[in-house]
Amino acid sequence: MNRFLSKASISFGKRSVFPIAAIATAGSALLYEKINPDYRSRISLSIPAPLRESLLLPSKTPHESTLRPSFVSSGHWQLGNLGNLNSRVSPAPSEDIKEEAPRDIKKEVPAEGKDGTKPSCGCLGRDTIANAAAKAGPAVVNLSVPQGFHGISTGTSVGSGTIIDADGTILTCAHFVVDCRGRRPMSKGKVDVKLQDGRTFEGTVLNADLHSDIAIVKINSKTPLPTAKLGSSSKLRPGDWVVAMGCPLSLQNTVTAGIVSCVDRKSSDLGLGGMRREYLQTDCAINAGNSGGPLVNVDGEIVGVNIMKLLAADGLSFAVPVDSVAIIIEHFMKNGRVVRPWLGLKMLDLNEMIIAQLKERDPTFPDVSKGVLAPVVIPGSPADRAGFLPGDVVIKFDGKPVESIKEITEIMGDRVGTPFVADVKRANNILLTLTVVPEEANPDM
């Protein structure tokens, strides 16, 4: 790499000028100045034309303080009052900088929010995790439910939750506020709620869905309550930073951080029976008492509800995605419970590789590029009565092309007893149109 030797001089107020030699490597320049702050200083560099042209290439990132030099005909750059400087050069001079008038160069700093937190800049900085925790933290609560049997106290069930609106609606998980065997709220539906600011309330369990492990608790307050905002889990990617908040072992105001390990971990991957569910998998540290606490993104928005971890391993924690939670809340408001249509099909999302493998094993497998495979049809189910056979591929449902089980579930919504038309491709490319009427799923499934 070519090097250029250029002349430079430094002046200190009215003191004499000292010549120095500066060596610049093509493509970069690094200047250090350690000068008594009592003196005003100026550095003047004489840089050859070939190097100067290479330095004028645009190169700037959103978080670098960009120095805009003023140019003189002699090829010198005159820089104003300088501290330690490590900067890149912008391609054009700023009009508001005069050649002969040095000035202080100030780096613009984003304004802080009303709550004192700094805005997210799209990257992980020193304060990113702290800002996210500060934004959501005040709305995170400690929940405790007395347990007993025929009036005999057997202990207390503890967990976490998040206030999601000013009316005192708390989002939490169902397994510690509901008796899983009797499917009734424990302690007559009463929950002790403690906020981070020290206030305590008696809450009431309004709704609970054990299948998704989501519950709603309500408190009433005459004074304003802190709230946290629901975000979007669909925007998450493996590797995104997230923060788990809650009260593990009743230790309130506990914050742990980690990354998203998987955005669509299926319940079958975890050996969980029943209807299909999907979870966010993270490596955030959670423990007993974290259940029901929020999983938040770097903007402090709720993207999941922490519900469980694997005891036999570290760094394997799971949360219900907030997009699924939002649908559950809608069901609670509309029906008082979650209504799940049931077809009686075990299904599998198809992709090009799976299709190629199935066709290799069975040449009669239908020619499809996408769709949902039904390898199992439960006898006596709505799908069985509609005429489905094992090996059918659903390519359209309710007139819409489908590529995933999730799309079929979203199309059905909560419409139990409503006929749906399914376009199905069978072995040897037989195309059929079947009408299926879903039933409401058994909660025990």
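In the predicted model, the loop between β14 (241-246) and β15 (254-266) contains Leu-249. The phi angle of Leu-249 is positive, about 55°, although the residue is not a glycine. Most residues other than glycine have a negative phi. Leu-249 has a relative accessible area of 60% and is therefore exposed, the cut-off for that class being over 50%.

A second non-glycine residue with a positive phi is Asn-429, at about 60°. Asn-429 is also placed in a loop, here the one joining β25 (420-426) to β26 (430-436). Its relative accessibility is 35%, so Asn-429 counts as partly exposed, a class that lies between the 20% and 50% limits.

The largest nonpolar core comprises 44 residues. Within this core, the members that touch the most others are Leu-171, Val-177, Val-191, Val-193 and Ile-214. Helix α3 (residues 322-335) makes the greatest contribution to the core, supplying 5 residues. Another core, of 20 residues, lies apart from this one and includes Val-394, Ile-405, Val-424 and Val-436.

The surroundings of Val-191 were examined with neighbours within four places in sequence left aside. On that basis, Val-191 is in contact with Leu-143, Ser-144 and Val-145, and with Val-177, which is among the core members named above. The remaining contacts of Val-191 are Phe-201, Glu-202, Gly-203, Val-205 and Val-217.

Strand β12 (residues 200-209) includes Asp-209. The relative accessibility of Asp-209 is 8%; because this value is under 20%, the residue counts as buried. When neighbours within four places in sequence are left aside, Asp-209 is in contact with Ala-174, Ile-214, Phe-332, Val-338 and Arg-340. Of these partners, Ile-214 is one of the residues listed for the largest nonpolar core, and the position of Phe-332 falls in the range of helix α3 (residues 322-335).

With regard to cysteines, a disulfide is a covalent bond between the sulfur atoms of two such residues. The number of disulfides in the model is 0, where a pair of sulfur atoms within 2.5 Å would be required. Cys-173 has a relative accessible area of 0% and is therefore buried. Cys-247 is likewise classed as buried, because its relative accessibility is 1%.

Methods
Residues are numbered from 1 along each chain as its sequence is written. This is a predicted model: local features need pLDDT of at least 70, side-chain atom pairs count only at pLDDT 80 or more; totals for chains, interfaces and linings use all residues. Side-chain values use heavy atoms; hydrogens and water are left out. A nonpolar core is a set of buried Ala, Val, Leu, Ile, Met, Phe, Trp, Tyr and Cys residues joined through side-chain atoms within 4.5 Å. Buried means under 20% relative accessible area, exposed over 50%, partly exposed in between (1.4 Å probe, protein chains only). Helices (H or I, at least four residues) and strands (E, at least two) are DSSP runs, numbered from the N terminus. Contact means heavy atoms within 4.5 Å.
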